[in-house]
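Biologist: Before I take any label on trust, I would like to hear the reasoning behind it. Could we look at the model together and go through the terms one by one?

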Amino acid sequence: MADATNMPKDVVLGVPILTMTGQTEVSVENYRGIIEYTDLLVRVQTKIGQIKITGKSLQIDYYTNDEMKVTGRITSIEYH
């Protein structure tokens, strides 16, 4: 459907978009909610499952209804 309408897949399917800047910053778009938030772990719900961001000194710099930025020393990102 995305190809037929020439619309981006993230808009049509609602899939998350992660943009990492080095090892210290990740932006998450198209998320549904924050499940868990500590300085070692940020877990968010998306349409296709959960995303688990682990590291040290993690903090959520900002969040809106569909985008957030996590900073700190990111050691892994997992999809569940």
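Biologist: Why is R43 counted as partly exposed?

Modeller: This is a predicted model, and in it R43 has a relative accessibility of 22%. The label buried needs a value under 20% and the label exposed a value over 50%, so R43, at 22%, counts as partly exposed.

Biologist: What makes the meeting of R43 and E36 a salt bridge?

Modeller: The nitrogen and oxygen of the two side chains are 3.1 Å apart, and the cut-off for a salt bridge is 4 Å, so the pair of R43 and E36 qualifies. E36 has a relative accessibility of 29% and therefore counts as partly exposed.

Biologist: How many salt bridges does the structure hold, and which residue forms one with E25?

Modeller: There are two salt bridges in the structure, and the partner of E25 is K69, with 3.8 Å between the closest N and O atoms. Since the limit is 4 Å, this pair also meets the definition. The two residues come from distant parts of the chain, E25 lying in strand β2 and K69 in strand β6, 44 residues apart. As for E25, a relative accessible area of 24% falls between the limits of 20% and 50%, and therefore this residue is partly exposed.

Biologist: What is the overall order of helices and strands along the sequence?

Modeller: The chain has two helices and six strands, and they follow one another in the pattern α-α-β-β-β-β-β-β.

Biologist: How do you know that β3 and β4 are paired?

Modeller: Pairing asks for at least two bridges between two strands, and β3 and β4 have five, in the antiparallel sense, so the requirement is met. One of the places to look is Y31, whose bridge partner in β4 is T46, and the two strands are joined by a hairpin of three residues.

Biologist: How many bridges join β4 to β5, and in which sense do these strands run?

Modeller: Six bridges join them, and the strands run antiparallel; with at least two bridges being the requirement, β4 and β5 therefore count as a pair. R43, which we met in the salt bridge with E36, has K52 as its bridge partner in β5, and the hairpin between β4 and β5 passes through two residues.

Biologist: Is T46 buried or exposed, and how do you know?

Modeller: T46, a residue of strand β4, has a relative accessibility of 2%, which is under the limit of 20%, so T46 counts as buried. Leaving out residues up to four places away in sequence, T46 touches P16, N30, Y31, R32 and I51.

Biologist: Is I48 buried or exposed, and what is the value behind the label?

Modeller: I48 sits in the loop between β4 and β5, and its relative accessible area is 53%; because exposed means over 50%, I48 is exposed. I48 still touches V15 and P16, again not counting residues up to four places away in sequence. Its C-alpha is 8.8 Å from that of H80, although I48 and H80 are 32 residues apart in sequence.

Biologist: Which residues make up the largest nonpolar core?

Modeller: That core has twelve residues: V26, V28, Y31, V42, V44, I51, I53, L58, I60, M68, V70 and I74. Strands β2, β4, β5 and β6 each supply at least two of these residues, and β5 gives the largest share, with four. For a view from one member, V28 is in contact with I17, L18, V44, I53, D66, E67 and M68, once its neighbours within four places in sequence are set aside. In the chain as a whole, buried residues make up 32% of the 80 residues.

Biologist: What makes Y37 suitable as a member of a surface patch, given its relative accessible area?

Modeller: A patch member needs over 30% relative accessible area and no salt bridge; Y37 has 43%, so Y37 passes the accessibility limit while still counting as partly exposed. Y37 lies in strand β3 and, together with I34 and Y63, makes a nonpolar surface patch of about 330 Å². The chain exposes about 5000 Å², of which carbon and sulfur atoms supply 49%.

Terms used. Residues numbered from 1 in each chain as written. Predicted model: local features only at pLDDT ≥ 70, side-chain atom pairs only at ≥ 80, totals over all residues. Heavy atoms only, no water. Patch = residues over 30% accessible without salt bridge, like charges linked within 9 Å, V, L, I, M, F, W, Y side chains within 5 Å. Areas by Shrake-Rupley, 256 points an atom, 1.4 Å probe, with all protein chains shown as cover. Buried < 20%, exposed > 50% of the residue type's maximum accessible area, 1.4 Å probe, protein only. Core = buried A, V, L, I, M, F, W, Y, C linked by side-chain atoms within 4.5 Å. Contact = heavy atoms within 4.5 Å.
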